[in-house]
Amino acid sequence: MTFQRSPIPGEDIRRAMEMPARRRELIEQSSSQLPQASYGVNELAASLHPGIVRARISEKRPAGVDCCVITLQSLGKDGRFAWFRAGQFITLSAEVGDSFISRPYSLSSSPKQALEGIYEITVQKKGIFSRWLIEEARIGEIVLVNEPSGDFYHDSLRDHDHILAIAGGSGVTPFVAMMKAIREGSEDFRLTLLYGARTLQHLLLKPEEYENERIRVIPVLSDEQSEGYFYGFIDRTVIAPYLDDDTTVFMCGPEAMYGFTAHELAELNVEHFRRERNSVGNRSVDEPQIFRLKVHVRDEVYEMLARSEETLITALERARIPAPVRCKNGVCGYCHSRLISGEYFVDEKNDFRREADRKFGYLHPCVCYPLSDMEIEIPILDK
Ligand code: FES
């Protein structure tokens, strides 16, 4: 290949030689003010992804049986919480006894309330953290709130215009947020809620507070007969009248409900539905064992004990190691950590790692249980 050389035109050389003087002139003429330090796009990104925000518990209202609606007020620098899609969850963290525990909760407030600095969650008295929130946390107590996450929300590219929501117990929470969002105009779809509860007293909402031309609420009581209410379980006879080709089914509730409802939906030829996943807790082990767990966080090294029936995250929380935690069910990958040595167990149904992570020895401590002494490296918690 040959290249042709051509001389630089005289005009270009002249301009280049004049440039330093011209630049000096422009610098002298310029304002002594510093350039703009903030940009709209950066501010928007920061408000959508504020990371971890401090919040105070401003109200606690008993609801149903053994449940409580907890209002959180933002102590973030702009007094707001991050906007979210109705159906998403936040992760709360606080010191509980000697541990530093995190736990995800679906939001039951509306997206617009977030901009007023309010998040609401509905908590059922189950598990250490939820019991602490209901029984011990005082008004004014400070908790840490990680930004909203999860894909359990209506997406017009993915879902039909009509959602058939099947909820059990406190699993109604994300649908409460959806109904509020539809009512205030933040979301635009139709929702039919089949809501299973044991008795009238267990209901966490009054249907008439939400129903309009886009929202229908049909409570189904399993342990009590009451006029105007379905009695029994949400089976195919209850579901069928609300299904058509333009409907996407969403489910949220206890694990036992998922198996039953999936079977009923299969009988109605519905194979695809969206379900919210619950946090992974302890597993039962015939002979519980205690192992040593060594944890690297950048240059720090911590050593602690880990029980065979508890997840690695539980061991980290008990040792008060600030580990990144969000979903606690293996899906989000926020706790993604490197295995240095040791054996562990992860249930296939909670193993959402990428193939490359499995191959190169990464794990999600929120769903892994130790089977031997272990050494892992966890990411630093970005605050
Ligand atoms: S916290 Fe989401 S995968 Fe572990």
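**Group meeting: a walk through a predicted chain**

Hi everyone, let's start with overall dimensions: the chain has a radius of gyration of 27 Å, whereas a compact globule of 383 residues would come out near 21 Å. That radius is taken over C-alpha atoms, and the globule rule is 2.2 Å times the number of residues to the power 0.38. Along its principal axes, the C-alpha trace spans about 95 × 55 × 55 Å.

Two housekeeping points before we go on. This is a predicted model, where local features need pLDDT of at least 70 and side-chain atom pairs count only at pLDDT 80 or more, while totals for chains, interfaces and linings use all residues. Residues are numbered from 1 along each chain as its sequence is written.

The chain holds nine helices and 19 strands. Both are DSSP runs numbered from the N terminus, with helices being H or I of at least four residues and strands being E of at least two. Of the 383 residues, 35% count as buried. Buried here means 20 or more other C-beta atoms within 10 Å of a residue's own; 12 or fewer is exposed, anything in between is partly exposed, and the C-beta atoms are placed from the backbone. As for contacts with a separation of 6 or more, 69% of them link residues 24 or more positions apart. A contact means that the two C-beta atoms, placed from the backbone, lie within 7 Å.

Now to the helix at residues 10–29, α1. How many of its 20 residues are buried? The count is zero, so to speak of α1 as hardly covered is fair. The 20 residues of α1 should span 28 Å at 1.5 Å a residue, and its end C-alpha atoms are 29 Å apart, which agrees. The expected span is 1.5 Å times one less than the number of residues. Have a look at Met-19 too: α1 has a kink of about 40 degrees there, shortly before the proline Pro-20. That bend is the angle between axes fitted to the seven residues ending at a position and the seven starting there.

On to the sheets. One is an open sheet of six strands with antiparallel pairing, in the order β4-β3-β6-β1-β2-β5. Strands count as paired if DSSP finds at least two bridges between them. At the edges are β4 (99–106) and β5 (118–124), each pairing on one side only. On average, neighbouring strands of this sheet are turned by 35 degrees against each other, direction ignored. Between β2 and β5 there are seven bridges, running antiparallel, and Ile-70 stands opposite Ile-121 in β5.

Within this sheet, Val-53 sits in strand β1. It counts as buried because it has 23 C-beta neighbours inside 10 Å. Leaving aside neighbours within four places in sequence, Val-53 contacts Ser-74, Gly-76, Phe-81 and Val-145. Val-145 is 92 residues away from Val-53 in sequence, yet their C-alpha atoms are 5.2 Å apart.

In the loop between β1 (52–63) and β2 (67–74) we find Asp-66. Its phi is near 65 degrees, a positive value in a residue other than glycine. Asp-66 counts as partly exposed, because it has 16 C-beta neighbours inside 10 Å.

There is another open sheet of six strands, this one with parallel pairing, in the order β10-β9-β8-β7-β11-β12. Its edges are β10 (230–231) and β12 (274–275), each with a single partner strand, so one side of each is left without a neighbour in the sheet. Strand β8 is largely enclosed by the rest of the structure, because six of its eight residues are buried. Seven bridges pair β7 with β8 in the parallel sense, and Gly-168 stands opposite Gly-196 in β8.

Two helices lie across this region. Helix α5 (residues 173–184) crosses β7, β8, β9 and β11, at about 150 degrees to β8. Helix α7 (residues 255–267) lies across β7, β11 and β12, at about 160 degrees to β11. Axes here are lines fitted to C-alpha atoms, for helices over the stretch in contact, with angles from 0 to 180 degrees between N-to-C directions.

Last stop, a hairpin: β13 (residues 290–297) and β14 (residues 300–307) run antiparallel, joined by eight bridges. Arg-292 has Leu-305 in β14 as its bridge partner. Two residues lie between the strands, and Arg-298 in the turn has a positive phi of about 50 degrees. Is Arg-298 buried or exposed? Exposed, because it has 9 C-beta neighbours inside 10 Å.
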